[in-house]
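Open the model in your viewer and keep the sequence panel at hand. The stops below say what to select and what is there.

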Amino acid sequence: MSSTIYLDNNATTRVAPEVFEAMSPFFCERYGNPSSIHRFGGEVMHDVDVARRQVADLIGARYRDADGMATEIIFTSCGTESDNTAIRTALDAKRGRTKVVTTAVEHPAILHCLRELEREGVEVAVIGVDNRGRLDMDALKKAVDGNTALVTAMWANNETGTIFPVEEICRIAHESGALFHTDAVQAAGKVEIDVDALGIDMLSISGHKLHAPKGVGILFSRRGIPLRPLVVGGHQERSRRAGTENVASIVALGKACELAKANLTAESAQLARMRDEFEKKVVATIPAVRVNGDLEHRLPNTSSISFEEIEGESILMLLDHFGVCASSGSACTTGSLEPSHVLRAMGIPYSAAHGTIRFSISRYNTQEELDFTAEKLVGIISRLRELSPYWKGGR
């Protein structure tokens, strides 16, 4: 067993060896600019197109249109850029409509962008969730109206793994004439995605969440939607995202998507079995714990567990002493002493929210690592509760 047990894969993932091998020639051998007209650059553009097809295959998008032009997949720097571009595109495409409907548990890439747009006069409706992180669908239906330009709802929550009913949300948006965007950063490579079958208008992916490197992502934008570029300048990506292509990382993302598609069913089942066995051990050996999220509809790799009356930061520090890496929530909110906005939206009691740890696994984890972690948690939680003035012996 490795000296480091990495259980923070929703924050970032290890680059797969096959992915690293695929991208490595594009640093010192195949380093041409894909926008150049000479053969050396043209060959590299072909590699970018292969990656575009691999991404499209994973999510059920079109690789090329009837004219043979690359379509629907736009390479970006990350999921945040993709999310921001989607929101601004929808408001631009649906001029005259000034409302965006979203959820209380979205990633900051969505919520902070919308907060900025509110200052510009955009109306933002935020839909709540229940104590399992399930969206209030009645409130959503009431909020979506003739002034709604966009409904944006994540496919799966990055903290709890709860999966939203994307197909139904998309249908509600379209019934009012609004566009629908989903942040699928955590879902891609873990659950089946078919944008064409579901009618999704826009979708975001980030490479470093599915074993590609950091610094690359995609925005799926359905053909016919006039995309508003967030980054302007050159003609790259058919003038939809300026800037010289990050070829090595684009190729890496394509390979990662190819691997994810090939292994999705078996890998997801295996991760779910490991996660369930881990949770079973924790719940059986430690009093006053709760597993958060929709236990019937969640990502196979994600486990959010609240330990009553102790601080999550203390748990993480003691886990780190044993070489175990986990998190107290989203990596984008690290440093905050307050419980995450996701747990607050779910109404998790303060005494539990402060002691919540997210364990997120990948294909590179083993059951042995999870068993070791569960075993060490018993002593860690016991020790911290002995020091806690609030612990009353398990209520």
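**Stop 1: the sheet edge**

Select strand 2 and strand 8: they run antiparallel and are joined by four bridges. The model is a predicted one. Within this pairing, Ile-74 has Leu-219 of strand 8 as its bridge partner. Now show the side chains of strand 2. Ile-73 and Phe-75 point one way, Ile-74 and Thr-76 point the other way, and all are buried. In a regular strand, side chains alternate between the two faces of the sheet.

**Stop 2: the whole sheet**

Widen the selection to the open sheet of seven strands, whose order is 2-8-7-6-5-3-4 and whose pairing is mixed. Strand 2 (73-76) and strand 4 (123-127) are at the edges; each has a single partner strand, so one side of each has no neighbour in the sheet. On average, and ignoring direction, neighbouring strands are turned by 20° against each other.

For a parallel pairing, pick strand 3 (residues 99-103) and strand 5 (residues 148-152), which are joined by three bridges. Lys-99 has Thr-148 in strand 5 as its bridge partner. Next add helix 4 (residues 79-93), which packs on the sheet and touches strand 2, strand 3, strand 5, strand 6 (179-183), strand 7 and strand 8. The direction of helix 4 makes about 165° with that of strand 7.

**Stop 3: helix 3**

Select residues 39-59, which form helix 3. The helix has 21 residues and reaches 31 Å from its first C-alpha to its last, close to the 30 Å expected at 1.5 Å a residue. Helix 3 lies across strand 2, strand 7 (202-206) and strand 8 (217-221), and runs at about 115° to strand 2. Its buried residues include Val-44, Val-48, Ala-51, Val-55 and Leu-58, and also Asp-47, Asp-49 and Arg-52. Step on to Gly-60, which follows the helix and has a positive phi, near 75°.

**Stop 4: cysteines**

How many disulfides does a search of the whole structure find? The search finds zero. Select Cys-257, which is in no disulfide; the nearest cysteine sulfur, that of Cys-78, is 15 Å away. Cys-257 is buried, with a relative accessible area of 0%, whereas Cys-78 counts as partly exposed at 25%.

**Stop 5: helix 14**

Move to helix 14 (residues 367-387), where the 21 residues should span 30 Å at 1.5 Å a residue; the end C-alpha atoms are 31 Å apart, which agrees. Among its buried residues are Leu-370, Phe-372, Leu-377, Ile-380, Ile-381 and Leu-384. The buried residues of helix 14 pack against strand 1 (5-6), helix 10 (247-285), strand 10 (302-307), helix 11 (312-321), strand 11 (324-325) and strand 12 (356-360).

Glu-386 also lies in helix 14. Is Glu-386 buried or exposed? Glu-386 is exposed, with a relative accessible area of 66%. A distance between the C-alpha atoms of Glu-386 and Asp-92 should read 57 Å; the two are 294 residues apart along the chain.

**Stop 6: aromatic pairs**

The structure holds three aromatic pairs. For one of them, select Phe-278 and Phe-359: the ring centres are 5.0 Å apart and the planes are at 70°, so the pair is edge-to-face. Phe-278 is in helix 10 and Phe-359 in strand 12, 81 residues apart. Phe-278 is buried, with a relative accessible area of 2%, and Phe-359 is buried, also with 2%.

Finish at Phe-322 and Phe-372, an edge-to-face pair with 6.5 Å centre to centre and 75° between the planes. Phe-322 is in the loop between helix 11 and strand 11, and Phe-372 is in helix 14, 50 residues apart. Phe-322 is partly exposed, with a relative accessible area of 32%, whereas Phe-372 is buried.

Notes
Residues are numbered from 1 along each chain as its sequence is written. This is a predicted model: local features need pLDDT of at least 70, side-chain atom pairs count only at pLDDT 80 or more; totals for chains, interfaces and linings use all residues. Side-chain values use heavy atoms; hydrogens and water are left out. Helices (H or I, at least four residues) and strands (E, at least two) are DSSP runs, numbered from the N terminus. The expected span of a helix is 1.5 Å times one less than its number of residues. Buried means under 20% relative accessible area, exposed over 50%, partly exposed in between (1.4 Å probe, protein chains only). A disulfide is a pair of cysteine sulfur atoms within 2.5 Å. Two strands pair if DSSP finds at least two bridges between them. Axes are lines fitted to C-alpha atoms, for helices over the stretch in contact, and angles run from 0 to 180 degrees between N-to-C directions. Contact means heavy atoms within 4.5 Å. Rings of Phe, Tyr and Trp (its six-membered ring) pair if their centres lie within 6.5 Å; planes under 30 degrees apart count as stacked, over 60 as edge-to-face and the rest as tilted.
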